[in-house]
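These entries record what I looked up in one structure, element by element. I kept each entry short and returned to earlier ones where residues recurred.

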Amino acid sequence: MQKLIFFFTGIFFFLSGCEEYVPYPRPFGFPRIDFPTKTAYTSFSNEICPFTFEYPDYGKISRSLDDSCWVDIHFPVYDCKWHITYRTADKKGKDRHAHYEDYRRLIYKHSKKATQIQESPITVPAGQGILFEIYGNVGTPAQVFLYDSTETQIVMMSFYFQTALKNDSLQPVINYMKGEIGHTLETFQWK
């Protein structure tokens, strides 16, 4: 009997020593991201730009200037944008290497927030270039510098997010869009 009294007294003191349970609200959840099961593509071509390519049909051309070859493709479902710029190597007396160094210098300004910048050489039917993958909490997770076989025509492509979410929650979209960029580069053709 005495053991039973000590047992219940111990449980009483143990339970009375615990703090009162205060429920906390759950943290805000991550958005659900649905990807198309099969992507259809639309061909881009205009009078000014000396190239064509395919881009996903859920993207919308948001800017295509009549007097220059700058194109923006907006993907409202993922709140991101591709910015495509065309230059010729002889513009302002610069060769391809000078344009590349200017572009590379611009990319490495992201190193303040980037955890890693990986440069990968790419070869596609239209030419060769460099794919820059920028890791960390940056607004531009991928950029491309592409040039033709004569090294006179250059295309620079940047992939931007229009949202303030952290890139760890956007990683599935980043990986998916890098695959779409790969398709665009494979279908890229000079006129």
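**Entry 1: β8 and its partners.** I began with the pairing of β8 and β9, which is antiparallel and runs over six bridges. The model is predicted, and I read every entry below with that in mind. For a single pair in this ladder I noted Q143, which stands opposite S158 in β9. The connection between β8 and β9 is a hairpin with five residues between the strands. I checked the backbone of that turn and found that E151 has a positive phi of about 60°.

I then turned to the other partner of this strand. Strand β7, residues 127-136, also pairs with β8 in the antiparallel sense, over six bridges. Here Q128 has Y147 as its bridge partner in β8. A hairpin of five residues joins β7 to β8. As a reminder to myself, strands of a sheet pair through backbone hydrogen bonds, either parallel or antiparallel.

**Entry 2: Cover on β8.** Is β8 mostly covered or mostly open? I found six of its six residues buried. I separated the two faces: A142, V144 and L146 lie on one side, Q143, F145 and Y147 on the other, and all are buried. Q143, noted above for its place opposite S158, thus belongs to a covered face.

**Entry 3: R96.** Next I looked at R96, which is placed in helix α2, residues 96-107. Is R96 buried or exposed? The relative accessible area of R96 is 11%, and because the cut-off for buried is under 20%, R96 counts as buried. I listed its contacts beyond four places in sequence: A89, F145, Y147, E151 and I154. F145 and Y147 are familiar from one face of β8, and E151 from the turn between β8 and β9.

**Entry 4: The nonpolar cores.** I asked which residues have the most contacts inside the largest nonpolar core. They are F51, W82 and M177, in a core of 35 residues. The elements that give two or more residues to this core are β2, β4 (70-75), β5 (80-88), β6 (114-124), β8 (142-147), β9 (153-161) and α3 (167-187). The largest share, seven residues, comes from α3. Apart from this core lies another, of 14 residues, including A114, I130, F132 and Y147. In soluble globular proteins, nonpolar side chains tend to be buried together.

I followed F51 in particular. Leaving out residues up to four places away in sequence, F51 touches F44, S45, C69, I84, Y86, V155, F188, Q189, W190 and K191.

**Entry 5: The open sheet.** The contacts of F51 with F44, Q189 and W190 led me to a sheet of three strands. This sheet is open, in the order β1-β2-β10, with antiparallel pairing. Its edge strands are β1 (41-44) and β10 (189-190), each of which pairs on one side only. Four bridges join β1 to β2, residues 51-56. Within this pair, T42 has Y55 as its bridge partner in β2.

I also examined S43, which lies in β1. Its relative accessible area is 53%, and because the cut-off for exposed is over 50%, S43 counts as exposed. S43 touches F53, E54 and Y55, beyond four places in sequence. For S43 and F53 I noted a C-alpha to C-alpha distance of 5.7 Å at a sequence separation of ten residues.

**Entry 6: A nonpolar patch.** Which residues make the nonpolar surface patch of about 660 Å²? They are M1, L4, I5, F7, F8 and I11. M1 is placed in the segment before α1 (2-16). M1 is exposed, with a relative accessible area of 75%.

**Entry 7: The chain as a whole.** I closed with the totals. The protein chain has three helices and ten strands, and along the sequence they follow the pattern α-β-β-β-β-β-α-β-β-β-β-α-β. Of its 191 residues, 40% are buried. Among contacts with a separation of 6 or more, 46% join residues 24 or more positions apart. The chain exposes about 12200 Å², of which carbon and sulfur atoms supply 57%.

Methods. Residues numbered from 1 in each chain as written. Predicted model: local features only at pLDDT ≥ 70, side-chain atom pairs only at ≥ 80, totals over all residues. Heavy atoms only, no water. Pairing = 2+ DSSP bridges. Core = buried A, V, L, I, M, F, W, Y, C linked by side-chain atoms within 4.5 Å. Buried < 20%, exposed > 50% of the residue type's maximum accessible area, 1.4 Å probe, protein only. Contact = heavy atoms within 4.5 Å. Areas by Shrake-Rupley, 256 points an atom, 1.4 Å probe, with all protein chains shown as cover. Patch = residues over 30% accessible without salt bridge, like charges linked within 9 Å, V, L, I, M, F, W, Y side chains within 5 Å. Salt bridge = Lys/Arg side-chain N within 4 Å of Asp/Glu carboxyl O.
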